[in-house]
Structures are given as C-alpha cells and as structure tokens.
Amino acid sequence: MRYLYTTTQALDKRALSKYLLSDELLMENAANALLSLIDKLTHKGSVVTIVCGSGDNGADGYALARKLQGSYITRIYEAKEPKSRLCKLQSERAQVAGCEWVKKLLPCDMLVDCLFGSGFAGELSAESMKLLEQMNTCARLNIACDVPSGLDLQGRVGSIAFRADYTLSMGALKVALFSDEAKDLTGKVLVGDLGVSRELFEVQSPFYLLEESDMRLPHRTKQNCHKGSFGHIAVIAGEKAGAAELSALSGLRMGAGLVSVVSRDCALGSHSGDFVDFRATADHQSSSAPKST
C-alpha cells in the first residue's frame, strides 16, 4: 500500500524545513531523476526535445536540458517565457551550457513534457491545445514530468492532454495519476526522489494505492476447519443484480467462507428475496483458495 496525495506542495515545504534543504536542491534532484530515466530508456546521442512552460515545471525542464547537454542532442522548445524565479534561473543556466532553443517541434527520439505539470488548472488555450497535439505525435517515446500536461489535480481532462509512455511523479504519487481519465495518459508511473527517501518525505494521507502485496488470501493452514474459519463478506445490492452476484462469487473465489448478499428488489440467479447466502463449506476449501459452490 502506498500513499497518494492531491498535491505535494506541503511535502516539499516540509522537506525544505525539516531536512534543511533548498528549493534549488529539490529541483536538481528532480532533473537528476529525469536524467536517470532517460539514460535507461534510450542511448547516448539520441535526440531529446524538452517542452518548457513558464513555471517550476518548466524549470525542471531547463535543468534537465543542462544535464543532457553533451551526451544527447538536446532541444528546448520554450512554450512560454520563464516567469518564476527558478524558471528564469534554470533557463539562464541552460543558455550558458550551450543548449539549443528551437522554434518548432521536429521529429525526435524522446519528448519530455515540462509544460504545466501538476500546476495545471482551468481551461487550455487554443494555442496550448495545438501544441499538445504536436507533442503527442512527434516522438518515439514520451515522458511527463510530474503530471501529464492537461490533467488537473482531480485527474480530469478537458479537450486534450499529453499522452505519456512514462510519468515521473516528483517526490510522491499523485491522486490525479490514477483517475479513470488518466489511465490512457500516464503510461508507466514512477516516483522521482527529491533528496530524501520516500519514508522521510511522505506523511500519512487519506488516499491509498493498493498493491498486489496487500492482497492476503485466507489460505488453509489446518484441516480441522469450517466456513467460519475463512471470514464472512456482506454484499449490499442495488437495483441491478449482476454486479452484486459477480462480487459475491468473486468473494468466494478469493477465499471467503461465507458470502451474504442483501437485496431488497433484485433477483440473484435462481434466488430472490431479501437475503441470499453463497456458502463455501470446509469440504470445498483448497490449499490455495476455495471453489465457489
């Protein structure tokens, strides 16, 4: 189980204060995490285009360009003029490093989206929509820095968003990356460390991402047992019977000894009424998981 966060701004501020870090250091580590991912995905000399916005997500892009320069053919597409303090600073550093600025997006091996990130809110302009269309079609591989541009903090998409093959979420995982609308946009979701381990960076959150290791089936450990030894699941049914019946059968399949379906109006299979029991008796319990009866 891993914590999810709507935004990690409070976590960033906590890390700065508690661990005596600086915002520049967090940004350098974010760029290093992007660099490490690119090194794993493509070979030296590949053409990498970085689309930079005007805020700190754009600053991550400029810092990355400086680190790529010399090992990769690096192109910077400046979608908006730098506005934040760090964006202006990182842009100047990229210029000193000799990075190339381009006026239009050309075919490339990899494109890194540093346009909006998690700072996106509101509606996209016509210019931004056109740019995102181009970003989605000009590279062999797409990487999103933090959050694919066009995806808001609630995981909602307006007209268009960046389609990433990999999303590198900075510091911790964001809730938005796991919404239904985000499923076709994020690709493989990874976390970039910002200078401290995730155990130190993260705090408790009301949102969780369940992992395969969280599933603990009630495997049989002794022979002298009955259905009560394997738990009881209650499924509350609504107007449609199908979902409740599937949930009940799935509960048995996962290992529950008794599954009860509570229903007021619907009929389940050949049963009808207010209360239906699906029972897996001890005779049906296997060494791995029970069979439904």
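Modeller: Quick definition first: a helix axis here is a line fitted to C-alpha atoms over the stretch in contact, and angles run from 0 to 180 degrees between N-to-C directions. Also, keep in mind that this is a predicted model.

Biologist: Okay, then how do helix 2 and helix 4 lie to each other: roughly parallel or oblique?
Modeller: Their axes are 12 Å apart, and the packing angle is about 55°. Roughly parallel needs an angle under 35 degrees, and roughly perpendicular starts at 65. The angle of about 55° falls in neither range, so helix 2 and helix 4 are oblique.

Biologist: And what is the handedness of the crossing of helix 2 and helix 4?
Modeller: The handedness depends on which way the near helix is turned from the far one, with clockwise counting as right-handed. For helix 2 and helix 4, the crossing comes out right-handed.

Biologist: Which residues of helix 2 meet helix 4, and how many charged residues are in that contact?
Modeller: Helix 2 brings Asp23, Glu24, Met27 and Glu28, while helix 4 answers with Arg85, Leu86, Leu89, Gln90 and Arg93. By class, that contact has three nonpolar residues, one polar, and a charged count of five.

Biologist: Let's go to helix 2 and helix 3. What word describes their arrangement?
Modeller: Here the axes come within 8 Å and cross at roughly 55°. That angle makes helix 2, relative to helix 3, oblique.

Biologist: Which class makes up 10 residues of the contact of helix 2 with helix 3?
Modeller: The crossing is right-handed. Helix 2 uses Met27, Glu28, Ala30, Ala31, Asn32, Leu34, Leu35 and Ile38, and helix 3 uses Asp56, Ala59, Asp60, Ala63, Leu64, Arg66, Lys67 and Leu68. Sorting the contact by class gives one polar residue and five charged ones, and the class with 10 is nonpolar.

Biologist: What about helix 3 and helix 4: roughly parallel or oblique?
Modeller: Helix 4 covers residues 85-96, and its axis comes within 8 Å of that of helix 3, crossing at roughly 20°. The limit for the parallel class is 35 degrees. So helix 3 and helix 4 count as roughly parallel.

Biologist: Is the crossing of helix 3 and helix 4 left-handed or right-handed?
Modeller: The residues that meet include Asp56, Tyr62 and Arg66 from helix 3 and Leu86, Gln90 and Arg93 from helix 4. The contact has six nonpolar, three polar and three charged residues. As for the sense in which helix 3 passes helix 4, it is left-handed.

Biologist: Now pockets. Which elements give two or more residues to the lining of the largest pocket?
Modeller: This pocket holds about 700 Å³ of space. Of its 30 lining residues, Asp12, Asp56, Asn57, Asp60 and Ser118 are closest to the centre. The elements giving two or more residues are helix 1 (9-18), helix 2 (23-41) and helix 3 (56-68).

Biologist: How many charged residues are in that lining of the largest pocket?
Modeller: Nonpolar and polar residues number 11 each in the lining of the largest pocket. The charged ones come to eight.

Biologist: And which element gives the largest share of the lining of the second largest pocket?
Modeller: This pocket has a volume of about 280 Å³, and among its 14 lining residues Tyr77, Glu78, Ala79, Lys80 and Glu127 lie nearest the centre. Strand 3 (73-78), strand 4 (100-102) and helix 5 (126-135) each supply at least two lining residues. By class, the lining divides into six nonpolar, three polar and five charged. The largest share, five residues, comes from helix 5.

Notes:
Residues numbered from 1 in each chain as written. Predicted model: local features only at pLDDT ≥ 70, side-chain atom pairs only at ≥ 80, totals over all residues. Heavy atoms only, no water. 1 Å grid on protein atoms, 1.4 Å probe; cavity = no way out; pocket = protein on both sides within 12 Å on 5 of 7 lines; lining within 4 Å. Points joined across faces, edges and corners; volume = space filled by probe spheres on them. Helix = DSSP H or I, 4+ residues; strand = E, 2+ residues; numbered from the N terminus. Nonpolar A, V, L, I, M, F, W, Y, C, P; charged D, E, K, R; others polar. Parallel < 35°, antiparallel > 145°, perpendicular 65-115°, else oblique. Contact = heavy atoms within 4.5 Å.
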